[in-house]
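Colleague: Could you take a close look at one part of this protein for me, the place where two neighbouring parts of the chain meet? I'm new to this, so please walk me through it slowly.

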Amino acid sequence: DFMQAFWDVEEAQARAIQHLASFVGDGSALPYLLTFTELIAFAMKSHIDSLKLQVDGCSLLLEILSQALEQDVVMTLDENMTTSLLEIVRKHSENEEILSLVCTLLMMISASEAAAENLRKAGLISDLLSILKNFLHNEQICLSSCAVLWSLAVSENNVDQALLKSAVPITTAVVQEHLQNGAVTESACSALWALSLQGCLTENDYEPTTVLLLDALRMNLERAMLVKNACLALASLLRLSEIPAFRFIMDSKGSGINLIKDAYHFHCDDPEVVENICMLINEMVQYDDIVLDMVSQKMEELLSEIKSRFPSS
């Protein structure tokens, strides 16, 4: 009632947010805090020029949503909240601290299909690409933005193809910039997979993207989710053309076949990773020259081991 009665008084909203933040450490307060998410977002939107209120509001929302995710609480976030966050992104498009917080919030929110659809319709993809261009050095912004991009691009509903095509060089730039950061690369690989599924990569993109995905695998072979995403992206590329297929086996840093074998041995007890490796192998065998290479590198032994290890799959 206090926040609603004094919605236009910045100091009142700031004090209310500080008061609510004092309950964050109490796990039992989560149901109470969740009722305030839209009011917090509205306060931020109403006082959009106040940098401190934006930072404090975003930080509080992150704490609340993080707790909700940890406790598997289903959140219903209406369109007003996504609209408020989008306005903040556009108002503070050059403020790195605020964008880092808001992009992390958008990553959490976009996990909801309905919220992702609202964000896509509101034109967030264009904003994300500008943010990535301007803050390519920022790991958290890149990680969050690529995760949101995946959520929006993977939709089959009227996605702007030209806009998504312009996301390809930006997303590959993220991988190149953060190749040694497994979390960021993992997120960017998922975005590349979504873009390839949408047919956004041109023939000129096939070879360099294949090389980049192989590099991402080499540098982060221990990360199960990255291996899954990279294998899906590579499978999507190999499905499109023999160009990435030949680059896959003739990469200057080593054959992709050996890399896939290494990935399997690293994650042989993870059925989801193995399934994605098999999807990639399934795309490889459509090309005769690759089959010959697979035979020479004893891939048949690997496939037999997979069959025996996962007989029911």
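Modeller: Sure, and keep in mind that this is a predicted model. The domain assignment splits the protein chain into domain 1 (1–69), domain 2 (77–179) and domain 3 (201–312). Let's stick with domain 1 and domain 2, whose centres, taken over C-alpha atoms, are 23 Å apart. Where they touch, 18 residues of domain 1 are in contact with 17 residues of domain 2. Between them the two domains bury about 1600 Å², and 78% of that is on carbon and sulfur atoms. On the domain 1 side, the residues that lose the most area to domain 2 are Lys 45, Ile 48 and Leu 62, which together make up 30% of what that side buries.

Now for the charged and polar links. The rule finds two salt bridges across the interface of domain 1 and domain 2. Lys 45, which we just met among the residues losing the most area, also has its side chain in a salt bridge with that of Glu 87, at 3.4 Å from N to O. Three residue pairs are in polar contact across this interface as well.

So what is the domain 1 side built from? Two elements give two or more residues to the side touching domain 2: α4 (37–46) and α5 (51–70). Of these, α5 brings the largest share, with 10 residues. Sorted by type, the residues on that side of domain 1 are 11 nonpolar, four polar and three charged.

Terms used:
Residues numbered from 1 in each chain as written. Predicted model: local features only at pLDDT ≥ 70, side-chain atom pairs only at ≥ 80, totals over all residues. Heavy atoms only, no water. Domains from an automatic or database assignment. Contact = heavy atoms within 4.5 Å. Buried area = accessible area lost by both parts, 1.4 Å probe. Salt bridge = Lys/Arg side-chain N within 4 Å of Asp/Glu carboxyl O. Polar contact = N/O pair within 3.5 Å; in protein donor to acceptor, adjacent residues only side chain to side chain. Helix = DSSP H or I, 4+ residues; strand = E, 2+ residues; numbered from the N terminus. Nonpolar A, V, L, I, M, F, W, Y, C, P; charged D, E, K, R; others polar.
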